[in-house]
Amino acid sequence: MKNNIKRGIEMNFLGILVSYVYIAFIIVFAKIFEKKGKEISRKFIHIMLGNWWFIAMFFFTNVWFAIFVPATFVIINYLSYKKDIIKVMERDVQDGLGTVYYALSLLILAVVSFGVYKQPSLGLIPNLIMAYGDGLAAVFGKLIKSKRYKLGDTKKSFAGSLAMFVITLLLVGAYLIYYHPGFWQTTHWPIVAVLLAFAITALEATSGKGTDNITVPLGSLIMLLLVG
């Protein structure tokens with residue numbers, strides 16, 4: 001019994017170490033992409049950080065260990081925002097607390113998944129929607145020329161929003177199949193998946209100044225929980 005507890009604690013501490021090493025590698029490799037533009041390096045970090053959740057699911061069995069890394073990066077990212085410490089992930093002209101919101105959303109997802117529901121995989125899809133959906137939407141929005149539209153104070157491209165919708169639809173579909181194995185066999189599951197993907201895409205399109213890094217993952221989590 002004591003040996004099992006000891007191994008569990010060791011795994012959790014190892015998870016923290018692996019997390020920091022992984023994040024450090026992402027920041028180092030982002031310097032390579034910085035030569036192609038600051039925004040490319042920022043999106044590389046944005047997307048690759050989403051994979052941290054796989055590390056969390058593998059190593060962490062305790063909510064306090066699971067929230068430690070994102071909690072520290074709420075502080076680190078805020079200091080970087082104010083002092084331009086991690087230059088590769090900061091814009092030349094600051095436009096909101098997006099990096100802080102990213103870490104904060106991971107913190108809340110960890111609390112809900114590892115603490116409230118004690119189901120670590122629960123936060124995976126909302127996290128991946130933020131990382132890959134939102135991140136690749138910005139990439140495709142720049143690579144593919146398309147008309148832009150404005151909702152409130154935010155400007156988006158149709159190509160970017162379409163990329164966000166498709167990626168979100170695939171991830172939502174994966175969630176429904178995994179958590180509701182019989183649901184996909186019903187006739188109405190495609191409608192549910194499309195509506196959820198559309199609602200999440202709308203959240204991303206209407207969230208300005210980096211707030212999509214918190215509205216998209218938390219909004220996704222709430223919607224997916226409401227499905228059942």
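Where is Lys 209 found? In this predicted model, Lys 209 sits in the loop between helix 8 and helix 9. Its phi is near 55 degrees, a positive value in a residue other than glycine. Lys 209 is also exposed, with a relative accessible area of 58%.

Another lysine has a similar story to tell. Lys 118 lies in the loop between helix 5 and helix 6, and its phi is positive too, at about 50 degrees, although Lys 118 is not a glycine. At 65% relative accessible area, Lys 118 counts as exposed.

Follow the chain on into helix 9, which covers residues 212-227. At 1.5 Å a residue, its 16 residues should span 22 Å, and the end C-alpha atoms are indeed 22 Å apart. Plenty of this helix is tucked away: the buried residues include Asp 212, Asn 213, Ile 214, Pro 217, Gly 219, Leu 221 and Leu 224. What covers the buried residues of helix 9? Helix 2, helix 5, helix 6, strand 2, helix 7 and helix 8 are among the elements that do.

Now for the aromatics. The model has 11 aromatic pairs. One of them joins Tyr 20 and Phe 73, with 6.0 Å centre to centre and 40 degrees between the planes, so the pair counts as tilted rather than stacked (under 30) or edge-to-face (over 60). This pair links distant parts of the chain, with Tyr 20 in helix 1 and Phe 73 in helix 4, 53 residues apart. Tyr 20 is partly exposed at 27% relative accessible area, whereas Phe 73 is buried at 14%. Elsewhere, Trp 52, Trp 53, Phe 60 and Phe 114 form one aromatic cluster.

How values were computed
Residues numbered from 1 in each chain as written. Predicted model: local features only at pLDDT ≥ 70, side-chain atom pairs only at ≥ 80, totals over all residues. Heavy atoms only, no water. Phe/Tyr/Trp six-rings, centres within 6.5 Å; stacked < 30°, edge-to-face > 60°. Helix = DSSP H or I, 4+ residues; strand = E, 2+ residues; numbered from the N terminus. Buried < 20%, exposed > 50% of the residue type's maximum accessible area, 1.4 Å probe, protein only. Expected span 1.5 Å × (residues − 1). Contact = heavy atoms within 4.5 Å.
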